[in-house]
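This report describes a protein structure for a reader who has the sequence and coordinates at hand. It proceeds from individual backbone features to sheets, cores and overall totals.

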Amino acid sequence: MKQIIAALCVAASLVGCASQKSATQERASSTQAQVQAKDTIQEALFHQWFAAEFDNHEQHWQDNINKEKEPDFQVHEHIHHVFAPLATPALEGTTYFVKQYMDGDPSKVYRQRLYQFLPNEDKGALQLNIFRFKDEAKYADAHLHPEIYEKLSRDEIVTYPGCEVYWRFNGEYFDGTMGQNTCSIVSKRSGKKIFFNDTLRLTDNEIWIADKAADEDGNYVFGNKAGIPHKNRKVTYFTGWGGARVGGKEASEDARWIFNRDLLLHNEGQIVALQDAKTGEKTGYSIQLALLTYQNTSDPIFKFGLIDDATGKTITYIWSDRSNPTTGMNLRWMQAGVKVKQIRPHFSF
């Protein structure tokens, strides 16, 4: 009898241990599932914020004002960024076509890349791998011709190990970092190794990029010497119409009009000519939308300006609240009206 009781006690103990082990495994599995769910949500949020066009027009504009007061002040280049989601069968993960150009001029492209995002569990981050096209011309403006990506092969792109960017959410925004001095190339000009380091920040409305480079002797190559990042805002595109009488302000009331009903421009300083959409005949004037904060005031405004093409100067402008979805101007001899683009407002296509 005592042996039976002892056996029952041992069995009960084993059941208890098994139950405890099972409970522990369930908790671990539940915790892992919660972590994976959190990572999935954060990754979705990242792409929701990242997929857009960005521009640092106001920063560049303000820097030029500062340089007038301080001749040694370093002006940030005016850069426009296109981060266009574009599926790439040759690569895993989420991919983007990236185009970056200078001075608000789409023809001044200084970088064209393919971005690949993959979760990296070991580093607890979303890893960005950056690829360069061997044939830049073939894939120019690929976001407008996504079908060409269907045939892209790994042989047509190259990447540089060590140049990966790791994105982590800090509860407020995403931090992007690289390994210290892990990204490098050998300069064809000097023969020296050049080290690249980036720190980035992504919010729902901005991406900050602080990229810098130094050679193997520690000599400056590029980057803001004060460590101030390029502060790029997510653009919003507007569609609309506009035109002017031939001869401008001095024209008679019965003068012929040049008109365009298919205007497209974004709110971060883009300038668009008022000209005939079909023939290209110009009025001699352009319009500009810009988010600015003028000197001696702390009120940010939404500016709608009219520019004289001959001088490049703004001859008149109106302003309103930055959240204004529509705006317009009527000078009798010139008229224009725009409203927020209804479909994909953060992209020009």
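Arg-332 lies in the loop between strand 20 and strand 21. In this predicted model, Arg-332 has a phi near 75 degrees, a positive value in a residue other than glycine. The residue is exposed, with a relative accessible area of 69%, and that class applies because the value is over 50%.

The two strands joined by this loop are themselves paired: strand 20 and strand 21 run in the antiparallel sense over 5 bridges. Within this pairing, Met-329 has Ala-336 of strand 21 as its bridge partner. Both strands belong to an open sheet of 4 strands in the order 15-14-21-20, with antiparallel pairing. Strand 15 (257-266) and strand 20 (326-330) stand at the edges; each has a single partner strand, so one side of each is left without a neighbour in the sheet. On average, neighbouring strands of this sheet are turned by 10 degrees against each other, direction ignored. As general background, strands of a sheet pair through backbone hydrogen bonds, in either a parallel or an antiparallel manner.

Strand 14 (residues 237-245) contains Gly-242. Is Gly-242 buried or exposed? With 1% relative accessibility, Gly-242 counts as buried, because the limit for that class is under 20%. Leaving aside neighbours within four places in sequence, Gly-242 is in contact with Ile-258, Phe-259, Asn-260, Leu-263, Leu-274, Gln-335 and Ala-336. One of these residues, Ala-336, is also the bridge partner of Met-329. For Leu-263, the C-alpha to C-alpha distance to Gly-242 is 7.4 Å, at a separation of 21 residues in sequence.

A second residue with positive phi is Asn-181, at about 60 degrees although it is not a glycine. Asn-181 is found in the loop between strand 8 (174-177) and strand 9. Its relative accessible area of 37% makes Asn-181 partly exposed. Strand 9 (residues 183-186) is joined to strand 10 (residues 193-202) by 4 bridges, and the two run antiparallel. Across this pairing, Ser-184 stands opposite Phe-195 in strand 10. Strand 9 and strand 10 form a hairpin with 6 residues between them, and Gly-191 in the turn has a positive phi of about 80 degrees.

Towards the start of the chain, His-47 is found in helix 1 (residues 2-50). His-47 is buried, with a relative accessible area of 14%. Which side chain forms a polar contact with that of His-47? The partner is Tyr-96, at a distance of 2.8 Å. Not counting residues up to four places away in sequence, His-47 touches Thr-94, Tyr-96, Phe-117 and Leu-126.

Phe-117 leads from this site to the nonpolar interior. The largest nonpolar core has 26 residues, and those with the most contacts inside it are Phe-50, Phe-117, Trp-167 and Leu-202. Apart from this core lies another, of 18 residues, among them Leu-289, Leu-291, Phe-304 and Met-329. Met-329 thus connects the account of this second core with the strand pairing described above. Beyond four places in sequence, the residues touched by Phe-117 include Phe-46, His-47, Phe-50, Thr-94, Tyr-96, Leu-126 and Trp-167.

Ser-348 is found in the segment after strand 21 (334-340). Not counting neighbours within four places in sequence, Ser-348 is in contact with Glu-53, Tyr-237 and Leu-264. Ser-348 and Ala-52 are 296 residues apart in sequence, yet their C-alpha atoms are 9.4 Å apart in space.

The accessibility of the residues discussed individually is collected below.

| Residue | Relative accessible area | Class |
|---|---|---|
| Gly-242 | 1% | buried |
| His-47 | 14% | buried |
| Ser-348 | 31% | partly exposed |
| Asn-181 | 37% | partly exposed |
| Arg-332 | 69% | exposed |

For the protein as a whole, there are 2 helices and 21 strands. Of its 349 residues, 39% count as buried. The accessible surface comes to about 20,000 Å², of which 52% belongs to carbon and sulfur atoms. Among contacts with a separation of 6 or more, residues 24 or more positions apart account for 48%.

Definitions and conventions:
Residues are numbered from 1 along each chain as its sequence is written. This is a predicted model: local features need pLDDT of at least 70, side-chain atom pairs count only at pLDDT 80 or more; totals for chains, interfaces and linings use all residues. Side-chain values use heavy atoms; hydrogens and water are left out. Buried means under 20% relative accessible area, exposed over 50%, partly exposed in between (1.4 Å probe, protein chains only). A polar contact is a pair of N or O atoms within 3.5 Å; within protein, one must be able to donate a hydrogen and the other to accept it, and residues adjacent in sequence count only if both atoms are side-chain atoms. Contact means heavy atoms within 4.5 Å. A nonpolar core is a set of buried Ala, Val, Leu, Ile, Met, Phe, Trp, Tyr and Cys residues joined through side-chain atoms within 4.5 Å. Two strands pair if DSSP finds at least two bridges between them. Axes are lines fitted to C-alpha atoms, for helices over the stretch in contact, and angles run from 0 to 180 degrees between N-to-C directions. Accessible areas come from the Shrake-Rupley method with a 1.4 Å probe; for residues, only the protein chains shown count as cover.
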